[in-house]
Amino acid sequence: MKDCTQRIIAPSILAADWSQVANEAQRAKDAGGDWLHLDVMDGHFVDNISFGPTYVEAVRRTTDQYLDVHLMITRPDHFFPRFIKAGADNITVHVESDHDVASTLSGIRKAGCHCGLALSPDTPFEHMLPYLDQIDLLLVMTVRPGYGGQAFMDKETMPKVEQALAQREQLGLSYHIEVDGGIDIKTVQTAARHGANVMVAGTSLFSAPDMPAAVTAMRD
Ligand code: DX5
Ligand code: ZN
């Protein structure tokens, strides 16, 4: 497992061809992707429905890649055990969801899974402060969660990446700083410059004419 000083590229399955998911997972790996990012949406926390634990389990059977599961759902505390059982390596929950955040994070960790905490563009970074020593990954959403293919929200979100980095250094912690939404060859440099090391990218990678070249360009 890479540490928080290394760049990690996480292709997002949301933008893949779901009818060929085994091929798509392999394509992402062959292209040099480090993790696979899986977006779970419940039609309540966000205005879209994607897939649940059964699909994550199906993806798990196709690949040995690190599965980074992002729960955009109202009750992550109720559902996280099913995603652990499905084979998630990391589960990221939102600070805005309707749950006892500390208890959800410790439950995920106790089950032997890495845990992440996400914040949406409209949420102040201060909402994350009580939980920083309880996470393996901090996800700064760089679009409003719910859909792939949106534009990167530079001004609203890069100050939060900077805060995540400053707090990590000040507190001597080692969580990854992940960005998700509108990441391409250009915006990845902005995110990296501000302190992000895990780059989630859906549209820009799965629609690239040459996926290995796109992953390489994102890494350099
Ligand atoms: C958005 C999801 C993202 C999405 C990113 O709600 O959390 O992971 O797949 O897609 P792109 O890279 O297309 O913006
Ligand atoms: Zn995501």
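**Pockets and helix packing**

By class, 9 nonpolar, 4 polar and 5 charged residues make up the lining of the second largest pocket. This pocket belongs to a predicted model, and about 190 Å³ of space lies within the second largest pocket. Of the 18 residues along its lining, those closest to the centre of the pocket are I135, D136, S174, Y175 and H176.

The largest pocket offers a volume of about 260 Å³. A total of 25 residues line the largest pocket, and the closest to its centre are Y147, G148, G149, D180 and G181. Two strands from the earlier part of the numbering appear here, β2 (35-41) and β3 (66-72), along with β8 (198-201) and α7 (203-206); these are the elements that give two or more residues to the lining of the largest pocket. In terms of chemistry, the lining of the largest pocket divides into 11 nonpolar, 11 polar and 3 charged residues.

Attention now turns to the helices. Helix α3 (residues 76-85) packs with helix α4 (residues 101-110) at an angle of about 15°, and the two axes lie 10 Å apart. Because of this angle, α3 counts as roughly parallel to α4, a label that applies to angles under 35 degrees. The crossing of α3 and α4 is right-handed. On the α3 side, P76, D77, F80 and I84 make the contact, while α4 contributes T104, G107 and I108. Sorted by class, the residues in the contact of α3 with α4 comprise 4 nonpolar, 2 polar and 1 charged.

A second helix pair is formed by α5 (residues 154-171) and α6 (residues 187-194), whose axes come within 8 Å and cross at roughly 35°. Here D154, M158, V161, E162 and L165 in α5 meet T190, A191 and H194 in α6. The contact of α5 with α6 holds 4 nonpolar, 2 polar and 2 charged residues.

How values were computed
Residues are numbered from 1 along each chain as its sequence is written. Chains are lettered from A and ligands numbered from 1 in the order in which they are written. This is a predicted model: local features need pLDDT of at least 70, side-chain atom pairs count only at pLDDT 80 or more; totals for chains, interfaces and linings use all residues. Side-chain values use heavy atoms; hydrogens and water are left out. Axes are lines fitted to C-alpha atoms, for helices over the stretch in contact, and angles run from 0 to 180 degrees between N-to-C directions. Helices (H or I, at least four residues) and strands (E, at least two) are DSSP runs, numbered from the N terminus. Angles under 35 degrees count as roughly parallel, over 145 as roughly antiparallel, 65 to 115 as roughly perpendicular and the rest as oblique. A crossing is left-handed if the near helix is turned anticlockwise from the far one by less than a right angle, and right-handed if clockwise. Contact means heavy atoms within 4.5 Å. Ala, Val, Leu, Ile, Met, Phe, Trp, Tyr, Cys and Pro count as nonpolar, Asp, Glu, Lys and Arg as charged, and the others, Gly among them, as polar. On a 1 Å grid over the protein atoms alone, a cavity is a set of points where a 1.4 Å probe fits but cannot get out, and a pocket is an open set with protein on both sides within 12 Å along at least five of seven lines; lining residues have an atom within 4 Å of a point. Grid points are joined across faces, edges and corners, and a volume is the space filled by probe spheres set on the points.
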